[in-house]
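The exercises below ask the reader to work through one protein model, strand by strand and then ring by ring. Each task is followed by a solution that goes step by step.

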Amino acid sequence: MSTIFDCSIVHLPKIENRAGNITPVENNKEIPFDIKRIYYLYDIPGGEKRGAHAHKKLQQLLIAASGSFDVTLFDGTNKKTFHLSQPYIGLYIAPGMWRDIGNFSSGSISLVLASHKYDPKDYIREYEKFLAYRKTINKR
Ligand code: T46
């Protein structure tokens with residue numbers, strides 16, 4: 001099972017031009033999985049928090065397409081906080097990480113590239129269950 005050390009900042013290509021910039025992302029090139037789903041978080045009221053869950057299989061790349069926010073990841077042992085604030089920087093999140101997302105700047109947009117289609121059964125939304133899950137898989 002993955003640990004926090006499998007999660008990392010990914011530098012995406014940035015094609016600059018006097019008229020602005022473009023960041024292209026392709027399957028299995030900039031990110032280590034096939035993109036099956038894209039979604040984005042926006043209109044987040046000040047002070048709100050998202051996340052507070054883990055995924056059993058899902059891998060994701062989070063990008064601050066606009067503005068900024070913080071992502072705290074916990075693998076059951078180690079915790080790390082990442083500040084995302086540039087549209088050409090992604091955060092790769094391996095499976096099995098508890099995530100808390102907050103400190104959203106006004107008008108921020110969180111773009112998420114995901115390795116699987118939406119599956120409610122892939123979520124662990126109770127913290128105690130997450131800790132038990134990590135203990136079980138760490139023993140394997
Ligand atoms: C994650 C963070 C970054 C769907 O119907 N389809 C979807 O693809 C998604 C992502 C959500 N939903 C529904 C499920 C809930 O009724 O939208 C509602 C809000 O979802 P959730 O509470 O999971 O939202 P976040 O922002 O806490 O978490 C989401 C992702 O679910 C999660 O995988 O890592 O964004």
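**Exercise 1. How many bridges join β6 to β9, and in which sense do the two strands run?**

Before the solution, the basis has to be stated: this is a predicted model, in which local features need pLDDT of at least 70 and side-chain atom pairs count only at pLDDT 80 or more, while totals for chains, interfaces and linings use all residues. Residues are numbered from 1 along each chain as its sequence is written, and side-chain values use heavy atoms, with hydrogens and water left out.

Step 1. Strands are DSSP runs of E with at least two residues, numbered from the N terminus, and two of them pair if DSSP finds at least two bridges between them.

Step 2. Between β6 and β9 there are four bridges, and the strands run antiparallel; in this pairing Q60 has I93 of β9 as its bridge partner.

Step 3. On the β1 side, β9 is again joined antiparallel by four bridges, with V10 standing opposite G90 in β9.

Step 4. β6 also pairs with β11 (residues 109–114) in the antiparallel sense, over six bridges, and there L61 has L113 as its bridge partner.

Step 5. These pairings belong to an open sheet of five strands with the order β1-β9-β6-β11-β4 and antiparallel pairing. Its edge strands, which each pair on one side only, are β1 (8–11) and β4, and the twist from one strand to the next averages 25° (axes are lines fitted to C-alpha atoms, and angles run from 0 to 180 degrees between N-to-C directions).

**Exercise 2. Determine which residues cover the two faces of β9, and then do the same for β7.**

Step 1. The terms are set by relative accessible area, found with a 1.4 Å probe on protein chains only: buried means under 20%, exposed over 50%, and partly exposed in between.

Step 2. Five of the five residues of β9 (residues 89–93) are buried, so this strand is largely enclosed by the rest of the structure. On one side the buried residues are I89, L91 and I93, and on the other they are G90 and Y92.

Step 3. In β7 (residues 69–74), six of the six residues are buried, with F69, V71 and L73 on one side and D70, T72 and F74 on the other.

**Exercise 3. Place β7 in its sheet, and follow F74 to its partners.**

Step 1. The sheet that holds β7 is open, has five strands in the order β8-β7-β10-β5-β12, and is paired antiparallel; β8 (79–84) and β12 (123–124) are its edge strands, each pairing on one side only.

Step 2. β7 and β8 pair in the antiparallel sense over six bridges, and they form a hairpin with four residues between them, where G76 in the turn has a positive phi of about 100°.

Step 3. Five bridges join β7 to β10, again antiparallel. F74 has K79 as its bridge partner in β8 and W98 as its bridge partner in β10.

Step 4. β10 is also joined to β5, by three bridges in the antiparallel sense, and the bridge partner of G51 in β10 is D100.

**Exercise 4. Describe the ring pair of Y40 and Y42, and state how far each residue is exposed.**

Step 1. A pair of aromatic rings is described by the distance of the centres and the angle of the planes. Rings of Phe, Tyr and Trp (its six-membered ring) pair if their centres lie within 6.5 Å; planes under 30 degrees apart count as stacked, over 60 as edge-to-face and the rest as tilted.

Step 2. By this rule there are nine aromatic pairs. The pair of Y40 and Y42 is tilted, at 5.8 Å centre to centre with 40° between the planes.

Step 3. Y40 counts as exposed because its relative accessibility is 51%, whereas Y42, with a relative accessible area of 47%, is partly exposed.

Step 4. Elsewhere, ring pairs link F74, W98, Y127 and F130 into a cluster.
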